[in-house]
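Biologist: Before I rely on the wording used for this model, I would like each term held against its definition. Could you take me through it step by step?

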Amino acid sequence: MTFSVAAILAVTFTRALVATDSLDPVKAQSTYDCHAVQLLYDTPLEIDYSARPYKTKPGVCELVNLSSDGLTYSFKMVSSTSLTAYDVKRSIDRLRDRDNPSPGSWTMKNVDDVIVTDERSFNIRLKEKQHVFPWMLTMAYCAIQGKNGESTGPYKLKSWWRNYELVFERNPDWRGWALSEDGGLNAFNEVRYIVVGDVSTQWLMFLNGEIDILGEIARDNWSSVMNEEGRLHPSLEARGIRLCGGAPANEVRYIGMNMNDPVLGKNKKLRQALSCAFDFPRWKLFYNNSICEITGPVPPTVEGCLTTPFEYSFNLEKARKLLKEAGYLDGIEPTTGRSLQISLSIGRPTQDSREAGELVASFFAKIGVKIELKFQTWHAFLNSVNKGNVQLYMMAWVADYPDPENFLQLFHSKNKSPGSNRSCYDNPEYDLEYDKAMAALNKEDRIKHWHRCQEILREDCPWIYTHITRNYTLVNSRVGNYIPNDFPYGHEKYYRVLKK
């Protein structure tokens, strides 16, 4: 029996992503891994697909009670799942296993014990109060595998050709299909992730109908997508293509500084000077004015973001003054008489990343600092950052959940690399304010401490805050029920084939 290409495309949803490193929930450490993991496995709780503001909802279990001391969460399994409380315990204990280190182990550091009360009920006891704990149970790290590692989610793995493609086929036994309005009959039978790192190539494939969603618009193609009024180009509208989103993302793009580095870590004035030298107006122009400025570690999309003026925003005169105070007049090292040279590590050596790196180097050159660009594959780059073998490194943090804690935990000393604190920032005053926020009895007090945390970080400058993106997505005319979402992992289960 043979099938036409058109017939196959009709039931296969295709998107382009960067290579996935692992399909094991406890080993997932990139957004690309999370996309795949949450297709394959259900999580204890989920982030509601359509609710705004974001909120959690039951996954394979539901939260039924929080003890009066705020330390014990009680759960029961939902009636639609065949998974048991023992399955949840096994997966969470695996994430907590110190002999099998996970990049996501930070999510369970505060768990004292997982106690199964019967096959359908369990409790999670925390060491300290943690208001964001239910959000953590929505993350890919906490996804629940079957007893033998089998898929528990909406799709099963059909094939995996590393560095080329991942193909998933619909899991007919998934509990969620029967719960959906159409019984899942109009869902895509297959989901295909193809590895295409170059955004220009992704654009051409989208135009040719080879991929169904384009989540990143190449700078060089911006004028082909958007007209001068900031609307979708009429030629694309005529094809039924939809432009979705446009709001600032729940993320921070940044240049991190290794605080263990002998040059950067002990010289706050130098870090402040580099921050002041970062030319955001020129950076925004580089990205076709499609990005937003950010002046701290918490994006303005999150309640609790500090909105006071940032003292170390772009200011070349101030940058030169701070560099002199740091001991580098005109960028010259006094002991050698040569220009200060600092390396900037960048993952994924694409043309776009090379041009971005060269632009950053030109910013620092204006104050006399030379930047050595180091390009690596994504895997090698992560290893270098986790081991501290970098000085400056360019990265992004995409929110796991919409709370200041998710961003500010990146700076607590207990989370030092290879944990989420990749800059190895260590400040006792910061830790104290963070801990006070976590122990606060109400949101108002908590936000006061979050604001103080941000004030400390903005003065210490362990990061240079580059920008946040706007979440523009182009969607093929045959894809229905697409809703822009800052936490889009496994959301292909919600998409529907639009019949023409």
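Modeller: Let me begin with helix H9, whose buried residues pack against strand S13 (251-257), helix H11 (316-325), strand S15 (341-347), helix H12 (351-365), helix H16 (443-460) and strand S18 (463-475). This is a predicted model, in which local features need pLDDT of at least 70 and side-chain atom pairs count only at pLDDT 80 or more, while totals for chains, interfaces and linings use all residues. Residues are numbered from 1 along each chain as its sequence is written, and side-chain values use heavy atoms, with hydrogens and water left out. Contact means heavy atoms within 4.5 Å, and helices (H or I, at least four residues) and strands (E, at least two) are DSSP runs numbered from the N terminus.

Biologist: What makes helix H9 mostly covered?

Modeller: Eight of the 10 residues of H9, which spans 268-277, are buried, and buried means under 20% relative accessible area, against over 50% for exposed and partly exposed in between, with a 1.4 Å probe and protein chains only. The buried residues of H9 are Leu270, Arg271, Gln272, Ala273, Leu274, Ser275, Cys276 and Ala277.

Biologist: How do you know whether H9 is roughly parallel or roughly antiparallel to H11?

Modeller: The axes of the two helices come within 8 Å and cross at roughly 160 degrees, which makes H9 roughly antiparallel to H11. Angles under 35 degrees count as roughly parallel, over 145 as roughly antiparallel, 65 to 115 as roughly perpendicular and the rest as oblique. The axes themselves are lines fitted to C-alpha atoms, for helices over the stretch in contact, and angles run from 0 to 180 degrees between N-to-C directions.

Biologist: Which residues make that contact between H9 and H11?

Modeller: On the H9 side they are Lys269, Leu270, Gln272, Ala273, Cys276 and Ala277, and on the H11 side Leu316, Lys318, Ala319, Leu322, Leu323 and Glu325. They divide into eight nonpolar, one polar and three charged, where Ala, Val, Leu, Ile, Met, Phe, Trp, Tyr, Cys and Pro count as nonpolar, Asp, Glu, Lys and Arg as charged, and the others, Gly among them, as polar.

Biologist: Turning to the sheet, why are strand S4 and strand S6 said to stand at the edges?

Modeller: The open sheet has four strands in the order S4-S5-S7-S6, with antiparallel pairing. Strand S4 (61-66) and strand S6 (111-118) each have a single partner strand, so one side of each is left without a neighbour in the sheet.

Biologist: How do you know that S4 and S5 pair?

Modeller: Two strands pair if DSSP finds at least two bridges between them, and S4 and strand S5 (residues 72-77) are joined in the antiparallel sense over five bridges. Among the matched positions, cysteine 61 has methionine 77 of S5 as its bridge partner, and glutamate 62 stands opposite lysine 76 in S5. The two strands form a hairpin with five residues between them, and glycine 70 in the turn has a positive phi of about 75 degrees. S5 also pairs with S7 in the antiparallel sense over five bridges, with serine 74 opposite asparagine 123 in S7.

Biologist: What makes S5 enclosed or open to its surroundings?

Modeller: Five of the six residues of S5 are buried, so this strand is largely enclosed by the rest of the structure. Helix H3 (residues 85-96) lies across S5, S6 and strand S7 (121-126), and runs at about 165 degrees to S6.

Biologist: Why is aspartate 330 called buried or exposed?

Modeller: Its relative accessible area is 58%, and aspartate 330 is therefore exposed. Aspartate 330 is found in the loop between H11 and S15, and its phi is near 55 degrees, a positive value in a residue other than glycine. Most residues other than glycine have a negative phi, and most peptide bonds are trans.

Biologist: And why is cysteine 424 called buried or exposed?

Modeller: With a relative accessible area of 11%, cysteine 424 is buried. Cysteine 424 lies in the loop between H14 and H15, and also has a positive phi, of about 55 degrees, although it is not a glycine.

Biologist: Which residues does a cis peptide bond join, with omega at about 15 degrees?

Modeller: That bond joins serine 417 and proline 418, and proline 418 has its place in the loop between helix H14 (404-408) and helix H15 (428-439). A cis peptide bond also joins arginine 52 and proline 53, with omega about 0 degrees.
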